[in-house]
Amino acid sequence: MIQFQNVIKRFRRHEVLKGVNLTIDRGHRVALVGSNGAGKTTLIRCLLGEYTCEGVVAVDNLVPREHRREVLSKVGFVPQLPPPLKMPVGQLIKFAASVCDSNPQRMADVATRLGLDTERFKNQPFVKLSGGQKQKLLIAIALGRDSELLVMDEPAANLDPEARHIFFGLLAEKKNEAAMIISSHRLDEVASLVNRVIEMDQGQVVLDDRVADLVELSSRLGCCVRLIRSEAPFAKAIGEWGFKGSDDGKEWRGYVAGPDRLRFLGVLSRYAALLSSIDMSEAEELRSPEAALND
Ligand SMILES: Nc1ncnc2c1ncn2[C@@H]1O[C@H](COP(=O)(O)OP(=O)(O)OP(=O)(O)O)[C@@H](O)[C@H]1O
């Protein structure tokens, strides 16, 4: 579906992409990783037809630079930095839906699932939303439409754990019909969302691995964390994951989105000396943490 053949991009004399060769098909969920300045955004911009470059870039045999409209009609894009748009939220959704022949209500419904009530914010300029609200709206615009390719630059970075879980579920719904490219500095942020990892360094692909597709995107893990004593900083950190504590603050229960397990364990590792046990298991059905505590 996507082809890069010996793609070279120069800014004046600085060669930023040094001959990139890649083929990405439907069903591939790619983590595009690499340190700052590796060339990830430049590669994406070549794919979206924003830059001219040497070599071949093609989406379904169309050259994005020459067939921009047709190529962009296939692509849902979530940018790394939200554009500084003054347009009110309601108008922005209508405009975005008209550009890609989608229904504004479909985008609004995705926003609602993510926890953003677009009706409430319809007259508010986009630029005045919070970072997380902007991210939710951009995701809703990208996912509330038919697309064959989803390109997302650090898409979940600003989302709270509940919205991340919903977002992963939305990706699961698209996983067979679309190819996905998820760009990130950190592999651990995106590792469990993907089945292929492409690492760039200094304008070149230095690793291209197919990885086991074991984590169900829409899964949740029921968790119980026990401590040797209660501590306020831990309570604050785990409270941000929606966990509820026992009266003595030594037992905490809640749910973690399947793809977020590594991230969650990373948070727990900061309090390793406090931990007495961690239980994590695939949740068969969702029960409230209060109900689980009463078991
Ligand atoms: N418009 C531009 N003009 C000149 N140089 C540029 C331009 N855009 C990017 N570069 C340079 O190209 C290199 C690759 O940048 P790019 O933004 O593609 O990296 P990245 O991997 O996306 O980094 P980050 O993770 O920081 O977003 C960097 O050295 C950057 O300074």
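**Exercise 1. Strand β10 and its sheet**

Task: In this predicted model, find out how strand β10 (residues 220-227) is joined to β13, and place both strands in their sheet.

Solution:
- Step 1. Start with the pair itself: β10 and β13 run antiparallel, and 7 bridges join them.
- Step 2. Pick one position to look at in the structure: G222 stands opposite S281, a residue of β13.
- Step 3. Now widen the view. The two strands belong to an open sheet of 4 strands, ordered β11-β12-β10-β13, and its pairing is antiparallel.
- Step 4. Look for the strands that pair on one side only: these edge strands are β11 (244-245) and β13 (275-282).

A reminder that helps here: strands of a sheet pair through backbone hydrogen bonds, in either a parallel or an antiparallel way.

**Exercise 2. A sheet of three strands**

Task: Work out which strands sit at the edges of the open sheet that contains β2, β1 and β4.

Solution:
- Step 1. Write down the order of the 3 strands, which is β2-β1-β4, with antiparallel pairing.
- Step 2. Read off the edges: β2 (14-24) and β4 (54-59) each pair on one side only.
- Step 3. Add the twist. On average, neighbouring strands of this sheet are turned by 25° against each other, with direction ignored.
- Step 4. Zoom in on one pair: strand β1 (residues 2-11) and β4 run antiparallel and are joined by 5 bridges.
- Step 5. Check a single bridge: I8 has E54 in β4 as its partner.

**Exercise 3. Strand β3 and its surroundings**

Task: Decide how many residues of strand β3 (residues 29-33) are buried, and say which strands pair with β3.

Solution:
- Step 1. Count along the strand: 5 of the 5 residues of β3 are buried, and the strand is mostly covered.
- Step 2. Sort the residues by face. In a regular strand, side chains alternate between the two faces of the sheet. Here R29, A31 and V33 lie on one side, V30 and L32 on the other, and both faces are covered.
- Step 3. Find a partner strand: β3 runs parallel to strand β7 (residues 179-184), with 5 bridges between them. As an example, R29 has M180 as its bridge partner in β7.
- Step 4. Find another partner: β3 also pairs in the parallel sense with strand β8 (residues 196-201), over 4 bridges. In that pair, A31 is matched with V197 of β8.
- Step 5. Follow one residue further. Leaving aside neighbours within four places in sequence, V30 is in contact with I24, M180, I181, I182, V194, R196 and I198.

**Exercise 4. The core and the two domains**

Task: Explain why the largest nonpolar core lies between the two domains, then describe how domain 1 and domain 2 touch.

Solution:
- Step 1. Meet the core: the largest nonpolar core has 75 residues, and V30, A140, F167 and I182 touch the most other members.
- Step 2. Find the top contributor: helix α5 (residues 131-143) gives the most to this core, with 7 residues.
- Step 3. Draw the conclusion. Domain 1 (2-210) and domain 2 (220-293) both supply residues, so the core lies between them.
- Step 4. Compare the centres: taken over C-alpha atoms, those of domain 1 and domain 2 are 32 Å apart.
- Step 5. Count the contacts: 10 residues of domain 1 are in contact with 11 residues of domain 2.
- Step 6. Name the elements. On the side of domain 1 that touches domain 2, α6 (161-174) and α7 (187-190) give two or more residues, and α6 gives the most, with 5 residues.
- Step 7. Classify this side of domain 1: its residues divide into 4 nonpolar, 2 polar and 4 charged.

**Exercise 5. Two helix residues**

Task: Are I238 and A96 buried or exposed?

Solution:
- Step 1. Locate I238 in helix α8 (residues 232-239). I238 counts as buried because 22 C-beta neighbours lie inside 10 Å.
- Step 2. List the contacts: not counting residues up to four places away in sequence, I238 touches V225, F243 and W252.
- Step 3. Compare sequence with space: I238 and R253 are 15 residues apart in sequence, and their C-alpha atoms are 9.3 Å apart.
- Step 4. Turn to A96, which lies in helix α3 (residues 89-99). A96 counts as buried because of its 20 C-beta neighbours inside 10 Å; the cut-off for buried is 20 or more.
- Step 5. Finish with its surroundings. Not counting residues up to four places away in sequence, A96 touches M107 and I141. A96 and A142 are 46 residues apart in sequence, yet 9.1 Å apart in space, C-alpha to C-alpha.

Terms used. Residues numbered from 1 in each chain as written. Predicted model: local features only at pLDDT ≥ 70, side-chain atom pairs only at ≥ 80, totals over all residues. Core = buried A, V, L, I, M, F, W, Y, C linked by C-beta atoms within 7 Å. Buried ≥ 20, exposed ≤ 12 C-beta atoms within 10 Å, placed from the backbone. Domains from an automatic or database assignment. Contact = placed C-beta atoms within 7 Å. Pairing = 2+ DSSP bridges. Axes fitted to C-alpha atoms, helices over the stretch in contact; angles between N-to-C directions. Nonpolar A, V, L, I, M, F, W, Y, C, P; charged D, E, K, R; others polar.
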